[in-house]
Amino acid sequence: MFTGIFKDTSVRVLIVFMISLCVISSFILPDWMQNNFMYGLSRGLAILGLMLLWRTNLVSFGHALYYGFGAYAVALCQKYFGITDILLRFTIAVVAAGLLGFCLGFILRKYREIFFAMLSLAFSMVLYGLLAKAEFLGSTDGMSISPSTLFGLELTRQYLFFLITFFVICAAVSIQAYLRSTLGHLTTAIQDNEIRVEFLGFSVQKAIHIKYVISACLAGGAGGLMAASLGQVDPDSMVNWNVSGELVFITIMSGWGNILAPFIGAIIFEFIRTYAFEWAPQAWAAIVGGTLLAIIFFFPGGIWSIIEKVFNYGKKKDVK
Amino acid sequence: MKIKIFNKTTKVASASMLVASCLLAGTAFAKDTVKVGVVSFLTGPAAGVFGVPAKQGAQIVIDAINNGTMPAPYNKQGFAGAKMNPIFSDESGGGTKQVGLFRDFVEKQKVDAMIGYISSGNCMAIGPIADELKMLTVFSTCGTPRLYEEKLRSHVFRTQANAVGDSLAAARYITDMYPNEKNYTGINQNYAWGQDSYKFFELGMKQMSPDSKGSDKPQFPKLFVGQYGTEISALSLDKAKVVHSSFWDGDIEAFTLQAMVRGFFQKKIFVSSVGGSAVDALDKKFPDGIVMGTRGNVGLLARDDKSPLNVWFIKEYKKRFNALPLGPSYQYARSILAYKFAMDKAMAKAGSFPTQDQVIAAMKNIKFKSFTETISMARGGGHQAVHSVGYGLTKYNKKGKTPGAEKVKMYGPECIYPPAGTKSEDWINAGMPGAKCN
C-alpha cells in the first residue's frame, strides 16, 4: 500500500507545503499566526475525513461526534489518569473515535444520502445531550486541558506546532496511500454505481464501513489535537450540530481534489474568522458566512479549484 | 543546495526579527496608551440585557478617565497617566472559542490587560489560560466560586463577588421576609453558574431554616434554551412555594413572559438572583412583588443611592445611551475602576510607568471606591472581591415611570461570604461561624 508513496506528486507537494509552513511561521510570520496554523491543521484532519466520505457521495452532518469524542477522550484521560503526553493524547483520541466509528458503522453503512446525513447528526446530538447534562463531565462548561508534554518534558507552543504538523503529514500520507490502493479506488466507483461494484466482487458495505472508520479516526485525531492546542473542550464548540455544519462547510469550501486541500481550506477559514472577529465583533458571523457563500458561488470546486487553475496542478496529474 | 536555502532563510529571518524587535521595543517604552481587551456578549441572547449594557458601562468610565472628567477619587486623568485604548470583543460561542480568542488578544493584538467576561463557563476556561500566558485579567461579572476555590490564580482578578453571596443573601431574605415558607425549589441553567447558585441556596436554606425542605425536582434546563413550557408546568405542580432562579440574559426575560401568562407569579414566591436587568428590559410589563437581586448594590437596587459616583454614573449613562445603567454596566465599570486604581497605585510606588507584575502586586488586597460602596479584594489570595448583596421586591414606580424596588435589604460581605481561606461549602455546613449580619 505504501510502496512508492513518496514518488506521488500529491504527497511530495504536501510534505513541502507543511515543512515550509513550519519554517515560514517560525522565522518570518508573527507568533500568533502559529495558533491559527495549529487550529487549521488540526481541524483539517477532520475535513480530510469528511472529504473521504464525500468522495463516495456521503455527507456526514454529525462528524462533530468524533471530533468531540476525541477531544473529550483527551480531557478525560487527563482528568482520571493524568495523561498529558501528546503522542498518547493523539493515539487515544484516534483510537477512541475509531472504536466508536467502528460500532456505529454497522448501522450507518446501510444508509445513503440524506438518511446517512441525518442519522449521523442524530448520533452526534446524543453525545451532545449526554455531555451537556453530565456534571462530572463539566456539562456545558467543559473542561480545561493542561499544556501537552512529550516524554515528560513540557512542550512549548512551537514544538507542539511542529508535532501537530508531523501528525498531519503522517495522517495525510496514509490517506493518500489508502486512496491509491484498491479499496481507495473503490470509493469513486461506489459513487458511480454501487451495483456494478458488487458485481465486480467487492462488498460495498464493507468498503464504506472501512472508510467510515478511517474518517472517524481522522475526526477524532483532529479533536484531540484541537483540544491540546486550545487548552479547553466544551460541548458547544466541540460536539454541537453547528460544529458539524462548520466542518461540512469547510469541506465544501476546500474542495475535494487533493489531500492538501482540507488543510489549506481550514487554515484560510481560521484566518477569515480571526479577522472577521477583529473587524466586526458584532457582525463577524455574517462576514464568515458571506465569504463562504462567495466561494461557493464563484468557485464551486472550492479553494482547491483556484489552486489547480493557478498552478495547472490537476491536469498534470491526469496525464500521468 | 539545502545549505544555500538555509542561509537565505536565516538572513531573512534575522532581518525580520531585527525589525520586529525594533517594533516591539517601540511599543514597550512609549506608554501613552494601554491596550485593553474588553470582552462581553455582543451577539446572541445575552447581548441585549447583559453584554451591551456592560460594554456601555465600560465605555462611559473609560472615556471619563481618559478625559479626566471622572469625579473624585478617580479624577486624575488616565491609567497611570496613559490613555486606555479598549478593544471590544464578543464573548459568545463557548469557552473553547473564547480561549482561542484570548490567545489572539495576547499574542496578536499584544494587549496590556484583559477585562470582562460574563459567563462563568468562559471564566473557568479563561482562568488557566490567563495564568499560562501570564496576562493580567480582570473578570467583571462571572460568579462561579470554583474559580478560586479550585486553585489560586496568579494573574486573574475578579471584581465581582461570587455566587455564594448571591445565594446566601437570597436564602437570608427568604428566611427574614417569609419565615413560614418551608418548601423551596429552583429553576437554574445547567452549567457552573446555575448549578452553584442553586447548590448554595439549598445549603444556605438548610442552615438558616433547618426544618425547610428542598424539592426533589429542581429544574435545570440548558443555558439559552428560551422555552420553558414544561419546566413551568413542573414547578407549578410542585408544592414548594419558593422558587429560586439564577437565570440571567434573555432566559430570565423569556421565562418571565412565559410564566406570567400562566399566573405563575401569583402562586409562587419567585426569587431571582440576577434578574434585575430583565426588570428594566420588560419595564412596566414586569410583574410586581418578585424577590429581585442584582448581585450587589448596583443596577435596579442602586437607583436611589446618592453617592456622588453613583449619581454621576446614572446621569452620564442616561445622557449618552438614553437608558438606566443595569447591573452589568456597573460591574464592567467597576473592573475598569479597579484597574485604574491599581495602575495609579503601582505607578506611585514604582515612580515610573508600572510593569505588569507591579500592577498585579498593587491590585492584590486593594480596597477601592466603587459606585455605591468600597469594595475590597479580600478573598482568593487577594484576587477576589467581596461586597454587599441585596434583595428587594419589584415595584413599578408609576409616577416616575421607571421600574423600582421596595423592602430592599442589603447583606454585608461578612454576613454572606466565608472568611478568607475557607471553602464556602465547608463554611456553610459548619453553620457559618463568624458570620456578622445586622
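A residue counts as buried when its relative accessible area is under 20%, as exposed when that area is over 50%, and as partly exposed in between. Keep this rule at hand for the exercises below, and remember that the model is predicted.

## Exercise 1: Two residues of chain A

**Task.** Decide whether A:Ser42 is buried or exposed, and find which residues it touches.

**Solution.**
- Step 1: Locate the residue. A:Ser42 sits in helix H2 of chain A, which covers residues 31-54.
- Step 2: Apply the rule. The relative accessible area of A:Ser42 is 0%, so this residue is buried.
- Step 3: List what A:Ser42 touches. Leaving out residues up to four places away in sequence, these are A:Ile164, A:Ala222, A:Leu225, A:Met226 and A:Ser229.

**Task.** Now work out which class A:Met125 belongs to, and which residues it is in contact with.

**Solution.**
- Step 1: Look for A:Met125 in helix H5 of chain A, residues 113-133.
- Step 2: With a relative accessible area of 28%, A:Met125 is partly exposed.
- Step 3: Setting aside neighbours within four places in sequence, A:Met125 has contacts with A:Asn240 and A:Trp241.
- Step 4: Check a C-alpha distance too. A:Leu65 is 60 residues away from A:Met125 along the chain, yet their C-alpha atoms are separated by 7.7 Å.

## Exercise 2: The overall form of chain A

**Task.** What radius of gyration does chain A have, and does it agree or disagree with that of a compact globule?

**Solution.**
- Step 1: Start with the expected value. For 320 residues, a compact globule would have a radius of gyration near 20 Å.
- Step 2: Compare. Chain A has 19 Å, which agrees with that expectation.
- Step 3: Add the dimensions. The C-alpha trace spans about 50 × 45 × 45 Å along its principal axes.
- Step 4: Look inside. Chain A has 15 helices and four strands, and 57% of its 320 residues are buried.
- Step 5: Consider the contacts. Of those between residues at least 6 apart in the sequence of chain A, 80% link residues at least 24 apart.
- Step 6: Finish at the surface. Chain A exposes about 13,700 Å², and carbon and sulfur atoms supply 71% of that area.

## Exercise 3: The overall form of chain B

**Task.** Repeat the reasoning for chain B: how does its radius of gyration relate to the globule rule?

**Solution.**
- Step 1: Count the elements. Chain B contains 16 helices and 15 strands.
- Step 2: Use the rule. It gives 22 Å for 438 residues, and chain B has 23 Å, so chain B is as compact as a globular protein of that length.
- Step 3: Describe the box. The C-alpha atoms of chain B fill roughly 80 × 55 × 40 Å along the principal axes.
- Step 4: Check burial and contacts. Buried residues are 60% of the 438 in chain B. Among contacts between residues at least 6 apart, 69% join residues at least 24 apart.
- Step 5: Turn to the surface. About 16,900 Å² of chain B is exposed, with 56% of it from carbon and sulfur atoms.

## Exercise 4: Charges and salt bridges

**Task.** How many positive and negative side chains does chain A have, and how many does chain B have?

**Solution.**
- Step 1: In chain A there are 21 positive and 17 negative side chains, and the centres of the two sets are 10 Å apart.
- Step 2: In chain B there are 55 positive and 36 negative side chains, with the two centres 4 Å apart.

**Task.** Which parts of chain B does the salt bridge between B:Arg320 and B:Asp63 tie together?

**Solution.**
- Step 1: Recall the principle. Side chains of opposite charge can pair when their charged atoms come close.
- Step 2: Check the distance. The closest N and O atoms of B:Arg320 and B:Asp63 are 2.8 Å apart.
- Step 3: Place both partners. B:Arg320 is in helix H12 (residues 308-321) and B:Asp63 in helix H2 (residues 47-67), so the pair ties together parts of chain B that are 257 residues apart in sequence.
- Step 4: Classify them. B:Arg320 is partly exposed at 41% relative accessibility, and B:Asp63 is partly exposed at 30%.

**Task.** Where in chain B do B:Glu181 and B:Lys241 lie?

**Solution.**
- Step 1: These two form a salt bridge whose closest N and O atoms are 4.0 Å apart.
- Step 2: B:Glu181 lies in the loop between helix H6 (163-177) and strand E6 (183-187), and B:Lys241 in the loop between helix H8 (229-237) and strand E8 (242-245).
- Step 3: B:Lys241 is partly exposed, at 34%.

Note on methods
Residues numbered from 1 in each chain as written. Chains lettered and ligands numbered in written order. Predicted model: local features only at pLDDT ≥ 70, side-chain atom pairs only at ≥ 80, totals over all residues. Heavy atoms only, no water. Helix = DSSP H or I, 4+ residues; strand = E, 2+ residues; numbered from the N terminus. Rg over C-alpha atoms; globule rule 2.2 N^0.38 Å. Buried < 20%, exposed > 50% of the residue type's maximum accessible area, 1.4 Å probe, protein only. Contact = heavy atoms within 4.5 Å. Areas by Shrake-Rupley, 256 points an atom, 1.4 Å probe, with all protein chains shown as cover. Lys, Arg positive; Asp, Glu negative; His and termini not counted. Charge placed at Lys NZ, Arg CZ, Asp CG, Glu CD. Salt bridge = Lys/Arg side-chain N within 4 Å of Asp/Glu carboxyl O.
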